[in-house]
Amino acid sequence: MATELRTVEVADDCREAWLEIERRGWGDGLPCVPPTPELVDEMLGDLDPDEVVAELPPLGAPASYRLLAVNAVMAGCDAASFPVVCAAVRAVCDPAFNLLSVQSTTNPATEVLVVNGPVRARAGFVSERSCLGNGARANLTTGRAVRLAMSNIGGARPGRGDLATHGFPGKIGFCFAEAEESSPWPPFHAGSLAATDSAVTVVAGSGTLNLLETTDDPEELLRSFAQVLAFPGSNDVIYGGTPLLVLSPEHARILAGAGLAKEDVQLSLYERATISAGELSPTNRENLAVPFRRAHYGEITASTRLHVSNGPEDILVVVAGGPGTHSVYVPTFGESRAVTRRVAE
């Protein structure tokens, strides 16, 4: 099915061109690159521009390669990163990710992209210092390209389809790469694909929380992390989510040095990161936790210990970041599961 496009004449002045994009509701508040036909064709390369990659809710609109390329150009994305954009769009449309709910919830949820494999170096993704922050073009523009597509194609614009009460800065674009070379364990995507594949995993994240922990005792480290993951008002506790723990290389080495595999870390966090159902407010407990987690726990009373996930494998552990005794907890939406897709080489 061919994608119907309109050509819009804008001023040659770059500022005026960006303001016209904003006036038409196609931007995200930050300066955009005008998606000229030449730049869109360069982004597409040999791809069939009219091939539909997925249909994006809430509008259920077809996302063709051409439309994705338009949004990638506006985001400032490089052509080397475009395959990650396309794979991420496929991943969020997997039913397990529950994109319609992620797009339209009042929670500050957005797709978090974790990039693995050779594409990291080829496209310049950052996995070490400031990988979640500023200064990383591939990270920021790739995440932004996916989010612009969610808004412009899927229709999840703030206040109209995107009903987030507050949102958070990650809704502009949230993407980083795993520091595979600094990790003592197999790559993050290795459970789903070959470890040598390029891949992107999407997680419905709702913010970030820095975890400062200077201990070199692995037991104390796990206890400290687990206490942070479980708290009243947490979607992960209420729904049983896929909490994402971004371990610094230093913390990962402490745990691996004690002989712990990644699965051991997941199991320990699962066992420790709990609160009693009675710690939730009565309305959260009865209206949310009880109906959503009854299938997993059976009867839920005030003394029932609620875990942050339904199993150890749902606690996602990735190694990234620079030197320092900091790790990061990314709370998740809860009603969503992480999805991994291969990135075309």
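Which residue in β13 does Leu-212 stand opposite? The residue facing Leu-212 is His-326. Keep in mind that this is a predicted model. Below is a quick tour of strand β13, then the cysteines, then the salt bridges.

**Strand β13 and its neighbours**

- Strand β13 covers residues 326–330, and four of those five residues are buried, so the strand is largely enclosed by the rest of the structure.
- One pairing partner is strand β8 (residues 209–212), which runs antiparallel to β13 over four bridges.
- Strand β9 (residues 244–247) also pairs with β13 in the antiparallel sense, here over three bridges.
- In that pairing, Val-246 has Val-328 of β13 as its bridge partner.

**Cysteines**

- If you're hunting for disulfides, a search of the whole structure turns up zero.
- Cys-86 is in no disulfide: its nearest cysteine sulfur belongs to Cys-77 and sits 9.1 Å away.
- Cys-93 is in no disulfide either, with the sulfur of Cys-86 as the nearest one, 12 Å off.
- Is Cys-86 buried or exposed? Cys-86 is buried, at a relative accessible area of 3%, while Cys-93 counts as partly exposed at 26%.

**Salt bridges**

- The count comes to 16 salt bridges, and a few of them are picked out here.
- Arg-144 and Asp-28 meet through their side chains, with 2.7 Å from N to O.
- Arg-144 lies in helix α7 (residues 137–152) and Asp-28 in the loop between α1 (14–23) and α2 (37–44), so this pair ties together parts that are 116 residues apart in sequence.
- The two ends of that bridge sit in different accessibility classes: Arg-144 counts as buried at 8% relative accessibility, and Asp-28 is partly exposed at 27%.
- Asp-50 forms a salt bridge with Arg-66, and their closest N and O atoms are 2.5 Å apart.
- Asp-50 is in the loop between α2 and β1 (52–56) and Arg-66 is in helix α3 (residues 65–75), 16 residues apart.
- Asp-50 counts as partly exposed, at 23% relative accessibility.
- Arg-272 and Glu-219 make another salt bridge, at 2.5 Å from N to O.
- This one runs helix to helix: Arg-272 is in α11 (residues 262–272) and Glu-219 in α8 (residues 218–229), so parts 53 residues apart in sequence are tied together.
- Both partners are partly exposed, Arg-272 with a relative accessible area of 32% and Glu-219 at 46%.
- Finally, Glu-20, Arg-23 and Arg-24 are joined into one network by salt bridges that share partners.

Definitions and conventions
Residues numbered from 1 in each chain as written. Predicted model: local features only at pLDDT ≥ 70, side-chain atom pairs only at ≥ 80, totals over all residues. Heavy atoms only, no water. Buried < 20%, exposed > 50% of the residue type's maximum accessible area, 1.4 Å probe, protein only. Helix = DSSP H or I, 4+ residues; strand = E, 2+ residues; numbered from the N terminus. Pairing = 2+ DSSP bridges. Disulfide = S-S within 2.5 Å. Salt bridge = Lys/Arg side-chain N within 4 Å of Asp/Glu carboxyl O.
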